[in-house]
Amino acid sequence: MSAFRHVIRVLLVTGALLAIPAAASAEAPEAVTQTVTDHAGALGDRAGEVQAATSQLEAEHGIRLYVVYVTGFSGWNATTWADQTAGLSRLGRDDLLMAVATQERRYAVSADTNFPLSTEQMNAVAQDTIVPALRKDDWAGAAVGAAKGYGTAMANPANPEGRSAWWLAGAGVLAATGGGVYLYSRRRKTSRHTAAAKDLETRAGQALVHTDDAVKTSEQEVGFATAQFGEEAAQPFAEALEYAKGELDQAFRLRQQLDDEVPEDDVTRQAMLEEIVRRCADANARLDAESEAFDRLRDMEKQAPRVLAEVRQAHAELTPKLAEVRRAMAATAERFAQSALTPVEDNPDDAANRLEFAGQTLAAAQASLDAGESGKAVAQVLAAQSAVDQARQLMEAVTRRADDIHQAAAGLKPALETVAANLSAAKALAADQAYAADLTPQIAYAESTATQVAEDVVATRVDPIALLRRVEEAQATLDEALKGVRDKKARQEQARSMLDQAMLTARSEIAATKDFITTNRGAVGSTARTRIAEAERLLAEARARAGEDPSAALAAAQRADQLAQEAGQAARREVSAFGYGRTGNGRGGADAMMGAVLGGILIDGMMGGMMSGRGAGRGGGRQTAGTGRRGGQAPGSFGGSGTRGRRGSGGAF
């Protein structure tokens, strides 16, 4: 079953996220303020026993255990439900949350990524004390057992001496087996080395994707905060964001170097991958350091009504502009070839989806506020805010692309005139037999290309950006042949004349591809993000070097254009593989919901674990082939993985 059809099926079963109310027996994630919350009436007269056990755990070890009983998780994945509840409750490093759905017979334990017990220790407590009691419907016993189990684990860390003794005892047996053990050991070492290298490669890819998501979301949140509170209040977060972006840019550059045609030896490759992981970790840590202060600044539970009104107004102002964008796109399509609009051809429909989703979410947020469910309203207001912002970005991309097409069309004649002048100069030089062999083939190619482009220009519908790119290629080929024939000044002037066109095509391709990646980041992995990051760096380099070294600037701009095209192709392949069907009939309803997933507006948790199904662990998530991307909870506000990620255990019992 495709991911898209799976979402449709689950939406129909669960009643989706927004408009369809959950069954009375289930509970949506919400902030908890007491250590024991029993919405299911499971504890009866034993609530005091559970309270005493959690209080003892806190008194002896500083660990606060929150226990929540509900009848069902409203269609959410158990682990994600617990993570969301922990997040809404502002739980800290030394806090745990255990959630039990008595009728669904599922449970989950959520912990901070830096919780003092390891995942293995937490799993052991779950299997030894929690699950056995749950299977007997001993709801209070499960919580009491959890508190005692975590206390025992805190008091008795793993025993390294015991492990050493085991290895020493085993050493005699291994020694007795002789040379066979040596060969086996070598095979094991080789296997472990290969596995470690593969694991490092995977971790680097995951780090790039997760950090890029954290930076993009944090950048959007800083923009919102600046608009609401002013630049001075948002300055610390903007500075943290710039640092994180710098580290991420360097990490992407390293990934690009690993992906280029020059291979690195194993030692160098490992060092570069480790640096990618380290830089991503530094970027996340810098964002995490400011996340608590940012949360205080944007205390959305208090501001939700005001922000809701602002988003509703923005939605109302933006909606009628969609028709204008469609008309502008249609007018451009009538004059120019469809290929010129390929990077933005789906933008109007995608913008309509985001606006539809925003409208639904705004209505749901208002209903939540009216019902006094402020925690639910916060998530809905933020989702609507992101959807409106993405709709605006998609619509602006269409207008910008149309302007670029017209600008490219206007630049074709001057570009052809430049080629003609260079051809004349080249032919004059080729008249000298000393240079004829070097110049004749390039002259023929450039002349043929220029002639063909000149003929295409008079056609009814052309792609000016593609034609301009062909002229640039002809110019570049001719210029390459003239190296060593022309003096440096002449070559620089030639490059300078080509640079504006090259910068235009690169800038347009980068902007269109970046918009596509941003508004479809739920399906796009590290490859496309790496290419577009490198393209942006090269374009910036081209701008910086344009004055002093036009030739180097031209090469950088042309390479940026090439990488941007590669990034767009990779991103579209991944979005296509994601299974998002384009119905062509307004793409409403479930398409709007799926569009929100693609845009990174709805994370896996908000979709109720739809993309991963039921099961234990971190919450699952889709696996995009070839990207090394692992599903999980993306940051929903400013911050990195440390403050926006959770870990734990859970499943059916």
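User: Where is D137 found?

Analyst: D137 sits in the loop between α4 (119-135) and α5 (139-155). Helices are DSSP runs of H or I with at least four residues, strands are runs of E with at least two, and both are numbered from the N terminus. This is a predicted model in which local features need pLDDT of at least 70 and side-chain atom pairs count only at pLDDT 80 or more, while totals for chains, interfaces and linings use all residues. Residues are numbered from 1 along each chain as its sequence is written, and side-chain values use heavy atoms, with hydrogens and water left out.

User: What is the sign of the phi angle at D137?

Analyst: D137 has a positive phi of about 60°, although D137 is not a glycine. R105 is also a non-glycine residue with a positive phi, of about 55°. The loop that holds R105 runs between β3 (95-101) and β4 (106-112).

User: How is exposure read, and what is the relative accessible area of D137?

Analyst: Buried means under 20% relative accessible area, exposed means over 50%, and partly exposed lies in between (1.4 Å probe, protein chains only). D137 has a relative accessible area of 40%, so D137 is partly exposed. R105 is partly exposed too, with a value of 27%.

User: How many of the residues in the protein chain are buried, as a percentage?

Analyst: The protein chain has 653 residues, and 49% of them are buried. Its secondary structure comes to 20 helices and seven strands.

User: What share of the contacts joins residues far apart in the sequence?

Analyst: A contact means heavy atoms within 4.5 Å. Among contacts in the protein chain with a separation of 6 or more, 78% are between residues 24 or more positions apart.

User: Which residues have the most contacts inside the largest nonpolar core?

Analyst: A nonpolar core is a set of buried Ala, Val, Leu, Ile, Met, Phe, Trp, Tyr and Cys residues joined through side-chain atoms within 4.5 Å. The largest one here has 53 residues, and F357 and V471 have the most contacts inside it. Two or more residues of this core come from each of α10 (300-318), α11 (321-335), α12 (347-370), α13, α14 (433-457), α15 (464-482) and α19 (590-598). The largest share belongs to α13, which gives 18 residues.

User: How many residues does the second core have?

Analyst: The second core is separate and has 35 residues, among them V36, L96, V100 and V131.
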